[in-house]
Amino acid sequence: MFLLKLAWKNMWRNRNRTIITMAAIFFAVILSVATSSLRDGIFDNLVKNVVSFYTGYVQVHKQGYQDEQILDNSFEASAQTEQKILQDKNVSGVTPRLESFALVSAEEITKGCLVVGIHPEKENQITSLKNKIVQGNYIKDDDNAVLLAQGLAERLKLKLNDTIVLIGQGYHGATAAGKYRIKGLLKFGSPDLNDKTLFMPLATAQDFYSAYGMITSYVLSLHNTKVPESTAKTVAAALGSNYEVLTWGQLIPDIKQHIKTDTSNAKYVQGVLYMLICFGIFGTLLMMMVERKFEMGMLVAIGMKKIKLMLLLLIESVMTVLAGCILGIAASIPLVYYFNRHPIKIGGETAETYERFGFEPIFPTSVDASNFIRQGIIVLIIGLILSLYPMYKAMRLNPVAAMKK
Amino acid sequence: MPGLSSLRGETERGAAVIDAHNISKVYNSKTIPVYAVNNVHLHLERGEFTALVGPSGSGKTTLLNMIGGLDKPDEGNIIINGVDITKLSANELIDFRLRNIGFVFQSFNLIPVLTAKENVEFIMQLQKMNREERNKRVIKLFKEIGLEDKLNVRPSKLSGGQQQRVAVARALASKPQFILADEPTANLDSASASNLLDIMALLNKEENITFLFSTHDQRVIDRARRVITLVDGRIAKDTAEVNTNILHTSLSETN
């Protein structure tokens with residue numbers, strides 16, 4: 001207890017030095033939290049934009065579908081399977097899909113397209129498909145109509161209420177052919193989706209492909225989107241080995257890779273920041289050691305064990321670094337929340353590019369609590385590692401040499 | 001002064017407190033050996049009030065550091081209260097110092113962030129003395145050094161003489177066997193030095209506390225009952241031996 005009291009008093013023996021050290025840590029934590037929150041926020045937004053438009057955070061397939069995406073790798077949809085999926089508390093919604101390719105024709109033009117059979121209401125709950133309608137109406141369960149992506153419609157020179165002809169290969173080699181009215185036109189940010197996607201009610205798609213009762217995937221939405229891996233694991237365990245359960249990272253690995261590359265680049269920037277923190281803290285520690293060398297020699301001379309002296313120095317460092325960290329985190333919370341509620345808006349051509357790809361042209365911050373804690377702990381660990389230096393010097397202290405003037 | 005009896009140590013009056021045998025300390029031993037202390041024998045009994053004098057570089061502080069267990073001799077043994085401190089590990093030495101030796105330094109060396117009371121209490125806290133006993137002892141010690149009204153004052157608010165008196169109280173706080181004082185009056189004016197020496201002399205007389213000073217100060221030398229003169233690391237003169245020789249001579253003449 002007396003060590004704690006002495007450490008506290010020592011901390012304030014040179015008020016300016018302590019305040020400068022704490023201020024260095026305070027600003028370092030704010031900067032560190034702000035940059036990492038912004039980075040995570042941008043990535044979260046990117047993932048949200050990409051994943052929620054189409055892929056979903058987790059998908060369930062028949063085992064082997066991801067490697068060979070053909071109708072023969074579809075599986076039977078059942079309420080029981082859906083129920084098993086929904087048993088995971090993190091799953092907020094599930095929708096079935098039947099996906100395959102077909103040729104779409106209108107008059108003289110034929111193009112390849114992705115035909116997606118959906119449950120209109122459930123799909124809308126997960127991907128907000130209804131919001132992407134730019135002309136016409138959303139489809140219903142029993143419609144014999146389709147929603148056509150705007151890009152594809154333009155390539156086929158089609159408009160609302162025109163009729164398309166679909167030809168393809170159905171389930172187990174059956175011939176698939178059908179004629180459908182365009183009930184609505186959709187606009188996707190992703191050129192990939194916008195130029196070759198067509199949606200129809202699930203039952204209509206099953207009929208077209210002769211895949212009655214079959215689906216190729218269940219698309220899942222999650223409450224906590226940060227932990228798709230653990231949810232995928234639980235769902236996989238519940239469904240058994242006949243199914244594969246994949247996260248968005250596995251479904252669209254290029255986005256995951258992009259985030260990974262950007263994250264490691266950002267780590268270098270953060271590394272430089274941490275280095276600056278190191279120099280700030282270490283400088284004051286060195287000054288403190290020089291200033292108190294004589295006194296430390298005297299303390300050991302009169303009978304203070306070196307382990308106690310080391311503990312005293314450690315407590316002083318921990319208190320200084322901890323105070324800086326706590327104040328820094330406290331100050332960064334409103335800052336990060338503000339930029340989460342009022343994200344930085346991108347302007348100019350960059351904003352247009354973002355919008356063209358269907359992304360919101362904003363840089364929001366992430367308010368994930370782990371970010372604050374992580375950055376606080378990193379700075380605290382830096383402080384603790386640096387405080388090993390005065391502890392080492394105390395361990396090696398020769399009282400006679402230390403007290404020599 | 002009241003309360004001095006409570007400060008009595010464990011060694012009986014007249015018993016050896018310090019026994020240094022053939023101690024030497026060599027510097028630059030790899031090139032030309034320079035003896036800071038050269039084959040010194042020293043025997044101090046409880047209750048002595050001894051001054052270690054000599055020119056600068058004569059080895060006073062080195063000898064004092066070795067006796068205080070702050071430095072180890074290259075040769076010889078130092079036995080304090082029956083314990084050969086040259087055989088103790090660094091950690092054991094720290095503990096030994098805490099329980100047996102009081103230090104008073106030239107530049108006071110009080111902890112600036114603690115009050116006078118806390119500075120004295122600090123040693124007792126290291127000794128894990130309970131709060132009640134600490135408080136009693138602190139009050140007695142401050143009465144003895146005449147600073148009862150300065151208990152809660154920080155060192156920076158005390159004069160040099162007052163700081164050195166607090167340093168003496170701190171040295172006594174651990175109930176040591178003896179006190180080593182390195183130039184304790186060097187930074188004090190005459191009145192403060194005289195006052196400090198009065199307190200030390202009284203503690204020595206009434207409490208039988210052993211004092212060993214390293215000093216240049218004639219005021220200390222005048223008060224000392226024994227003066228050891230070091231020259232080039234050797235004892236050139238020891239008044240205790242002179243007195244013994246005079247005693248032997250007068251005895252043989254009588255016979």
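Reader: Buried or exposed: what are the cut-offs?
Author: Relative accessible area is taken with a 1.4 Å probe on protein chains only. Over 50% is exposed, 20% to 50% is partly exposed, and buried is under 20%.

Reader: What kind of model is this?
Author: Residues are numbered from 1 along each chain as written, chains are lettered from A and ligands numbered from 1 in written order, and side-chain values use heavy atoms, without hydrogens or water. Local features need pLDDT (the predictor's confidence in each residue, from 0 to 100) of at least 70, side-chain atom pairs need 80 or more, and totals for chains, interfaces and linings use all residues, since the model is predicted.

Reader: What is the average pLDDT of chain B?
Author: Over residues 1-13 of chain B, pLDDT stays under 50. Of the residues of chain B, 87% score at least 70, and the average is 85.

Reader: How far does helix α6 of chain B reach?
Author: Helices are DSSP runs of H or I, at least four residues, numbered from the N terminus. Helix α6(B) covers residues 190-207, with 18 residues. At 1.5 Å times one less than the number of residues, 26 Å is expected, and the reach from first C-alpha to last is close to that, at 25 Å.

Reader: Within what arc do the buried residues of α6(B) fall?
Author: Among the buried residues are B:Leu196, B:Met200 and B:Leu203. The arc is that of the directions from the helix axis to the C-beta atoms. The buried residues line one face of α6(B), because they fall within 155°.

Reader: Which residues on the other side of α6(B) are exposed?
Author: The buried residues pack against elements of chain B including β3 and α4. On the other side, the exposed residues are B:Ala191 and B:Lys205.

Conventions:
Helices (H or I, at least four residues) and strands (E, at least two) are DSSP runs, numbered from the N terminus. Contact means heavy atoms within 4.5 Å.
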